[in-house]
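Reader: Could you take me through this structure, please? I would like to begin with one particular detail and then move on.

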Amino acid sequence: MSRRESDMRDDELHAFLRRAITRRGFIRRSALGAGGLVLGNSVLAACGGGKDGAPAAGADSATATAGGGKTLRISNWPLYIDKQTVPDFEKATGIKTEYTEDINDNAEFFAKIDEPLKRSQSIDREIIVLTDWMAGRLIQLGYVAPLDPAKIPNLANLVDNVKDVSFDPGRKYSVPWLSGMTGVGYNPKKTGRELTSINDIFDPKFKGQVTMLTEMRDTIGLVMLANGKDPSKATAADVKAAAAKIKKARESGQIRKFTGNDYAEDLAAGNIAAAIAWSGDIQGLAADNPDLKWIAPKEGAMLYSDNMMIPKTSDRQDLAMAWINYVYDPKHSAQIVAGAPYLSAVKGSGAELAKIAPELASSPLVNPPDELRGRLHVFKALSDAEDTEYNRIFQDAIGA
Amino acid sequence: MAGTASGGSRGSRLAPYLLVAPGILWLLVFFVAPIITLAQTSVSGLEGPWWETYQRALGNYGTHFFRSFRYALGATLFALALGYPLAYFIAFRAGRLKNLLLGLVVLPFFTTFLVRTFAWKTILNDGGPAVWLLQQLHILAPGGRLLDTTIAVVGGLTYNFLPFMILPIYVSLEKIDRRLVEAAEDLYSTPLGAFRKVVLPLSLPGVFAGSLLTFIPATGDFINAQLLGSPNQQMIGTVIQNQFLEVRDYPLAASLSFVLMAVITIGVLAYARVLGTEELA
């Protein structure tokens with residue numbers, strides 16, 4: 001009996017891992033799963049917008065076929081797309097598409113695909129979407145197929161500032177899906193004042209009422225900015241100094257928790273006053289709970305992108321490139337942003353968004369003004385050894 | 001075995017082995033092989049002696065180990081204190097309600113472990129009913145909290161593993177021949193004396209099984225600590241999970257798992273010796 005029970009529990013734990021350490025949409029998903037048990041109907045309403053139909057959308061709507069009748073299989077983060085995008089794509093191209101929201105955590109997804117890709121086996125995906133640093137690791141390991149610009153004419157719409165990135169010079173293997181910012185989210189009713197700085201998180205007045213993220217680059221990056229260091233040039237000493245500051249705050253009881261996406265739940269429930277938070281999430285909650293605010297602190301905020309890549313073992317790479325070409329049309333990109341309020345890397349997407357969702361198009365979260373862009377930082381690309389070392393320091397700091 | 005029935009004695013001699021073969025195979029593939037791989041992982045990638053990783057595991061995470069055993073022990077004792085009387089009531093006093101009550105004990109399993117733990121988050125919220133009540137009763141200071149404290153973690157563990165305590169105790173109580181209790185009373189034993197001398201000793205195998213089913217998973221649990229605790233309440237399960245998935249320091253994670261298994265095994269054997277039951281061995 002005990003063995004069967006523990007196996008069952010393992011299944012649940014794995015399901016939990018898949019969701020819990022996620023950055024996007026976990027709250028909304030879990031609220032749906034639990035029948036609103038956790039957050040109540042308010043958040044359900046906020047996240048409604050019909051987006052939850054996306055995963056199943058591909059299954060029944062495609063009648064025509066292309067690409068030899070094979071199915072295009074995409075893995076992405078939860079609730080990171082508009083529900084119309086996949087059906088529209090199928091109609092426009094005739095490519096049957098299976099869109100799965102099964103990426104919840106970079107490291108965890110990597111653990112899933114590492115072995116098969118190492119042995120050059122198929123992972124049954126044509127498109128995967130991972131954050132910069134993880135994209136860099138996959139490219140370095142040779143797991144990614146090169147893109148063929150001739151098959152993706154719309155790549156010309158890629159905005160200039162991400163055309164050349166350190167982890168993928170010349171964008172030979174990857175293109176951005178959407179980008180987001182990591183800053184400070186807070187509940188002014190609980191803080192009693194407006195926040196402007198990362199150091200507000202360390203204000204003893206908020207003892208036991210602040211949370212930080214379990215994503216090392218986000219939390220360490222922001223605290224480095226608070227220390228006046230540049231996260232794009234992180235050294236072991238910088239990381240140690242930031243970690244020491246975090247550890248001290250943790251041990252004193254200042255930090256209530258290190259979380260994945262579930263900080264939003266604590267913010268909404270009034271358990272915490274302030275949190276290191278992702279821009280798109282707070283926007284999602286603020287639509288329903290106008291108390292909550294998100295700021296890019298005066299010291300700066302972290303910028304991350306999630307990138308589309310084609311696994312080298314995919315036998316349908318043309319379908320994948322047709323998909324990339326489709327979403328790099330400004331109109332289609334604007335539609336995606338309307339469904340998921342993050343930053344698009346497609347030229348002209350802002351103008352298209354203004355046509356379909358004018359109030360969203362002017363939001364700094366979707367379209368940061370130059371002043372804000374100047375304060376955005378990207379964490380340094382780390383070698384495997386650095387990654388392990390910094391993570392070790394970070395895990396020690398957060399007590400895990 | 002129908003086909004071998006005519007084979008006579010040779011077939012029946014083989015029968016037991018054939019019957020256990022699937023189980024043995026299962027254990028070999030899903031228990032022995034992973035254990036060996038885990039052992040290999042725990043000593044891989046080293047320049048120094050093989051115990052280097054183990055030294056690091058114990059040196060850095062000793063506090064997490066102690067905390068895990070403390071919390072699990074606390075949860076086991078609470079579960080025993082809550083579960084024994086309830087199992088006793090169901091077995092001896094519930095009458096026709098017996099099946100209904102047993103059903104209610106198992107009922108929480110119809111919801112997943114995770115959702116139930118999440119529900120506790122809502123119940124223990126700073127603005128929630130539990131905090132409000134305790135503050136009205138002046139048990140909790142104003143501005144005090146329940147969520148993200150030791151109480152919440154141990155409470156969550158107790159709640160989640162309570163049925164594993166109740167059910168084995170219930171089974172062992174149910175098996176007791178009522179005439180033994182009657183005999184004790186016929187011999188002028190007080191009800192309490194009959195309980196102490198007859199019922200309690202006969203229910204000890206259930207207590208033993210229940211304690212193990214509570215203590216062992218509670219020690220390795222990380223959901224309760226993660227959802228209901230602050231960073232200062234994290235247990236060894238959280239560390240192992242982080243080392244495997246986030247840090248990807250597989251040797252350290254493997255050695256932590258091994259230390260955990262070793263300590264639990266030694267603890268269980270010691271406990272079995274004390275309680276004098278051979279059920280486990």
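Author: Certainly; please bear in mind that this is a predicted model. H10(B) is followed by B:Arg248, whose phi is positive, near 60 degrees.

Reader: And H10(B) itself: how many of its residues are buried?

Author: Of the 12 residues in H10(B), 11 are buried, so that the helix is mostly covered. Among them are B:Ile236, B:Gly237, B:Phe244, B:Glu246 and B:Val247.

Reader: What covers the buried residues of H10(B)?

Author: Both chains contribute. The cover includes helix H6 (106–118) and helix H18 (384–397) of chain A, and from chain B it includes H2 (52–92), H8, H9 (223–228) and H11 (250–275).

Reader: Turning to the contact between the chains, how many residues does each one give?

Author: Chain A gives 28 residues and chain B gives 28 residues. On the side of chain B that touches chain A, the elements with two or more residues are H4 (113–124), H8 (191–220) and H10 (236–247).

Reader: Which element has the largest share of that side?

Author: That is H4(B), with seven residues. By class, this side of chain B has 13 nonpolar, nine polar and six charged residues.

Reader: A change of topic: at what angle do the axes of H2(B) and H6(B) cross?

Author: They cross at roughly 40 degrees and come within 6 Å. Angles under 35 degrees would count as roughly parallel; H2(B) and H6(B) are therefore oblique to each other. The crossing of H2(B) with H6(B) is right-handed.

Reader: What classes of residue make up the contact of H2(B) with H6(B)?

Author: That contact has 24 nonpolar residues, three polar and one charged.

How values were computed: Residues numbered from 1 in each chain as written. Chains lettered and ligands numbered in written order. Predicted model: local features only at pLDDT ≥ 70, side-chain atom pairs only at ≥ 80, totals over all residues. Contact = placed C-beta atoms within 7 Å. Helix = DSSP H or I, 4+ residues; strand = E, 2+ residues; numbered from the N terminus. Nonpolar A, V, L, I, M, F, W, Y, C, P; charged D, E, K, R; others polar. Buried ≥ 20, exposed ≤ 12 C-beta atoms within 10 Å, placed from the backbone. Axes fitted to C-alpha atoms, helices over the stretch in contact; angles between N-to-C directions. Parallel < 35°, antiparallel > 145°, perpendicular 65-115°, else oblique. Left-handed = near helix turned anticlockwise from the far one by under 90°.
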